[in-house]
Amino acid sequence: MFNLVKYELKGYYKDFIIATGIIALISLFLITRVNVWGLQSVMAVSFMVNFAAAVVVFIWNIKVFSRDMYEDTGYLLCTLPQHGYSILASKLISSLIQALVVGAVTMLFNYIVFKSTSKIDINLSIMVTDIIKNVNPGFVGFMALVSFLEYFYFLVFIYFSIALSKVAIKKKKMGKMSSFIIFIIISIVFGKITQFLVTTFPQSINLNMLSTKSNLFVQGAQFMPINIAVTIFNIVVFVLMFLATSYIIENKLDF
Amino acid sequence: MGISFDQKIPIYIQIMHLVKRDIVIQKLKPGDKLPSVRDMASELKVNPNTLQRAYQELEREGITYTQRGMGTFVREDIDMIGELKREMAKEITDSFVEGMMNLGFTEKEILTVIEDKVKEEI
Amino acid sequence: MDIILKASNLEKSYFNKKALNGLNLEVKKGRIVGILGPNGSGKTTFLKIAAGILTKTNGEILIDGHKPGVYTKSIVAYLPDKEYLFKWMKIKDAVNFFKDFYKDFDEEKCKKLLEFMNLDINSKVKTLSKGMAEKLYLTLVLSRKAKLYVLDEPLAGVDPTTREKILDAILDNYSEDSSIIITTHLVNDIERLFDDVAFISEGKVVLSGNAEELRNEKGLSIDQLYREVFK
């Protein structure tokens, strides 16, 4: 499985370098523009770069799976003596590493830009430290972890849709459209089920968003509720989709 | 591409013919070891199983014998070699005479042609 | 296992056609088998099912007694008629790839074969001509000590010198413990390598047997027999 990850990422070597290069160039360019454009604009552009990077990573993550489903390289992958779950896991891990690497690069340059702008604007610096003081670090950590897992869930969901459409619809042209349609349909169904669960089983765990050092008083709105039933549902669905996709990869693919 | 074989006729028979010929012209002497199946197959560019069959048939016909672990050898049997020579000659002459008769040559004419040809060669 | 591949009444249907319509075939250990037929007869479909990248619709196929799956993929070396290596790879990446994923890969043998085929280990895969790419794929496949080699048109689209080299490499690779299935149109060049042949038409085997015996029986070369069967 790790060999699969290795070769997957080796193929993206060039892409990583180009992406890093572009982010670096834009960031360095922004630093020089701080005085000319003003703080707001620089931050805005920085934010757009972040967004663009995220979109690019997202596209890579999908391609990591779809390319082998639809192109001749699928022959190479599917003649290997690898189990379906191993292939699927390697795709997820590769996607994760892509996201982490690009994310780290983006954050690094964000920090560099921020540092150089905060020299200029003391107020911004104070504001940021203020926010940090008030937020519960545990909550942040937890949310980070959850976002992580949610993204995995999202990817498995997408991979499942792609795999299912590859099996169900034989025409290649229809394939990409149909995987999108399958994704939408399942999302709607899951949405309805989630709604139903929330109303039928309202039991939740409440997370405190504010740190203990905080002096803010927001009338109880400091809690974020996590519905237990929905969480269980999500976990079950994740496992099922992972297993189903693995099964399809190992037994049902036709090239 | 190795030796050219007539692919209409079983190849193993043609290989046997090659070996018999080598024995008759004394390229392979009595007691000599035949090349291994693999080597020969590689040189002639044929399937080793075909070679194997050829060797088995040669053994069956009493032309060679196999010693386990050592290889296949030409039988030290002068009579057998003489017989081979006669057999091969018969093949050539049968084919020649038939061909000539099909062309319409008479007995006398055929003999004359042969005499002339042999004189030429010498 | 004496029989390395056994296909019984194998069927593969698509929406609009039946590629395999009850195909029966047995391949014994240590044999080189030619699968011959015109385009669309089902040869490639059959090979893909044996390689495990296509699913059957009906019937049975067993490789070393197993259904196509992870185990069979580890003992079957497949040469497809497609360019299937990753575009970013150099030849040495491809070699390492095979080494990493196949326990039966012989790196020494691979290096020797690459030399024999005049391939430079540092060339990029995407810059190879069709003939060179074919030589590379064959090298990778033959460097595995597989129980069954499945070669789909190994001679297609290559010049005569390359063809020679490919035939030499295939012959050289022969072993009593493995079998080779080859499909081809160029019957004349390769028929002397075949132990057995099977003629496929419209998804079925219409004639099969030992090549030498067929020559004996019919008084024809396999190439001539091919033309007879498919005229």
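User: In S7(C), which residue is the bridge partner of Ile35(C)?

Analyst: Thr183(C) is the bridge partner. Some ground rules help here. This is a predicted model, where local features need pLDDT of at least 70, side-chain atom pairs count only at pLDDT 80 or more, and totals for chains, interfaces and linings use all residues. Residues are numbered from 1 along each chain as its sequence is written, while chains are lettered from A and ligands numbered from 1 in the order in which they are written.

User: What makes two strands a pair?

Analyst: DSSP must find at least two bridges between them. Strands (E, at least two residues) and helices (H or I, at least four) are DSSP runs, numbered from the N terminus. Now take strand S3 of chain C, residues 32–36. S3(C) pairs with S7(C), residues 179–183, in the parallel sense over 4 bridges. S3(C) is also joined by 4 bridges to S8(C), residues 196–201, and these two run parallel. In S8(C), Phe199(C) stands opposite Leu36(C).

User: Is S3(C) mostly covered or mostly open?

Analyst: Mostly covered: 5 of its 5 residues are buried. A residue is buried if 20 or more other C-beta atoms, placed from the backbone, lie within 10 Å of its own. Exposed means 12 or fewer, and partly exposed lies in between. Ile32(C), Gly34(C) and Leu36(C) point one way from the strand. Val33(C) and Ile35(C) point the other way, and they are buried too.

User: Which pair of chains has the most contacts?

Analyst: Two residues are in contact if their C-beta atoms, placed from the backbone, lie within 7 Å. Of the 2 pairs of chains that touch, A and C have the most contacts. There, 17 residues of chain A meet 21 residues of chain C. Helices H1 (2–10) and H4 (73–78) of chain A each supply at least two residues of chain A's side. H4(A) gives the largest share, 4 residues. By class, chain A's side has 7 nonpolar, 6 polar and 4 charged residues. Nonpolar covers Ala, Val, Leu, Ile, Met, Phe, Trp, Tyr, Cys and Pro; charged covers Asp, Glu, Lys and Arg; the others, Gly among them, are polar.

User: How many residues does chain B bring to its contact with chain C?

Analyst: Chain B brings 16 residues and chain C brings 20. Helices H1 (11–24), H2 (37–44) and H3 (48–60) of chain B each give two or more residues to chain B's side. The largest share, 3 residues, comes from H3(B). Chain B's side has 9 nonpolar, 5 polar and 2 charged residues.

User: How far apart are the closest C-alpha atoms of chains A and B?

Analyst: They lie 28 Å apart, and no contact joins the two chains.
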